[in-house]
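Trainee: I have a new structure open and no idea how to read it. Can you take me through it?

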Amino acid sequence: MKIRNKVLLSFSAGYLFSLVCAGVLVVVYASMQAMDASEVGKIPVDFIKIILTILGGSFLLYLLFIVFLTRFLMKSLSQLTKGAQAVEGGDYGYEIKVTGHDEINEVAQAFNDMVKAVNKAKSDIEKKVAEQTQSLMAQDKDLNDQRLAL
């Protein structure tokens, strides 16, 4: 599931929770308006328990979803941070495990591709330096041989 969909779902859950709360309050208000002043204290305890259970349950579900979403985002971002620190420390073989198809996993895959490209570029440079060093050493040997021949 895409992160924007998860965030949208989170806001939808919050909106749904708000609607449930508003609906419950409307029902309570309407039932209190229908009573005269002497009956207000006689609201059935079971009715109040049901209202509180609905409100508490929907709020707990909303909190659970928010905790899940936060943990998911923090875990993914933590992996990206750990990977960046590993590469900064010189570990060009570090790879982040890509487990899904959301935006954070796309960034993780791009990070892995970047690390591979940096590692290849580093290897190419090291190879060129080794070739140039070999060439310079051969030229130096030729110059020394020519100097000794004179």
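Trainee: Which elements of the protein chain have the lowest and the highest mean pLDDT?
Mentor: H1 has the lowest mean pLDDT, 70, and H3 has the highest, 92. pLDDT is the predictor's confidence in each residue, on a scale from 0 to 100. This is a predicted model, in which local features need pLDDT of at least 70, side-chain atom pairs count only at pLDDT 80 or more, and totals for chains, interfaces and linings use all residues. Residues are numbered from 1 along each chain as its sequence is written, and side-chain values use heavy atoms, with hydrogens and water left out.

Trainee: What does the protein chain average?
Mentor: The average pLDDT of the protein chain is 81, and 81% of the residues score at least 70. Where pLDDT is low, the predicted coordinates should not be read in detail.

Trainee: How many helices and strands are there?
Mentor: The protein chain has three helices and zero strands, in the order α-α-α along the sequence. Both kinds of element are DSSP runs numbered from the N terminus: helices are H or I with at least four residues, strands are E with at least two.

Trainee: How much of the protein chain is buried?
Mentor: Of its 150 residues, 17% count as buried. Buried means under 20% relative accessible area, exposed means over 50%, and partly exposed is in between (1.4 Å probe, protein chains only).

Trainee: And the surface, what area does the protein chain expose?
Mentor: About 11400 Å², with carbon and sulfur atoms supplying 66% of it. Accessible areas come from the Shrake-Rupley method with a 1.4 Å probe, and for residues only the protein chains shown count as cover.

Trainee: Back to the inside. Which residues make the largest nonpolar core?
Mentor: Seven residues do: Leu80, Val87, Ile96, Ile104, Ala108, Phe111 and Val115. Helix H2 (45-88) and helix H3 (103-149) each supply at least two of them, and H3 gives the most, with four. A nonpolar core here is a set of buried Ala, Val, Leu, Ile, Met, Phe, Trp, Tyr and Cys residues joined through side-chain atoms within 4.5 Å.

Trainee: Why would such side chains sit together?
Mentor: In soluble globular proteins, nonpolar side chains tend to be buried together.

Trainee: What does Ala108 touch?
Mentor: Leaving out residues up to four places away in sequence, Ala108 touches Leu80, Ile96 and Val98. Contact means heavy atoms within 4.5 Å.

Trainee: I also clicked on Asn112. Is that one buried or exposed?
Mentor: Asn112 is buried, with a relative accessible area of 2%. Asn112 is found in helix H3. With residues up to four places away in sequence not counted, Asn112 touches Tyr94, Glu95, Ile96 and Val98.

Trainee: Changing topic, how many salt bridges are there?
Mentor: The count comes to three, where a salt bridge is a side-chain nitrogen of Lys or Arg within 4 Å of a carboxyl oxygen of Asp or Glu. One joins the side chains of Asp124 and Lys120, at 3.1 Å from N to O. Another joins Glu126 and Lys122, also at 3.1 Å, N to O. In a further one, Lys141 pairs with Asp145, and their closest N and O atoms are 3.3 Å apart.

Trainee: How many residues apart are Lys141 and Asp145?
Mentor: Four, in helix H3, so about one helical turn separates them. Asp124 and Lys120 are likewise four residues apart in H3, about one helical turn. Glu126 and Lys122 both lie in helix H3 too, four residues apart.

Trainee: Is Lys120 buried or exposed?
Mentor: Lys120 is exposed, at 52% relative accessible area, while its partner Asp124 is partly exposed at 34%. Lys141 is exposed at 53%, and Asp145 is partly exposed at 39%.

Trainee: What about H1, where is Leu19 in all this?
Mentor: Leu19 is found in helix H1 (residues 3-34) and is partly exposed, with a relative accessible area of 44%. Tyr15, Leu16 and Leu19 make a nonpolar surface patch of about 340 Å². Patches are made of residues with over 30% relative accessible area and no salt bridge; like charges are joined within 9 Å, and nonpolar side chains (Val, Leu, Ile, Met, Phe, Trp, Tyr) within 5 Å.

Trainee: How far apart are Ser18 and Phe59?
Mentor: They are 41 residues apart in sequence and 9.2 Å apart in space, C-alpha to C-alpha. Ser18 is found in helix H1.
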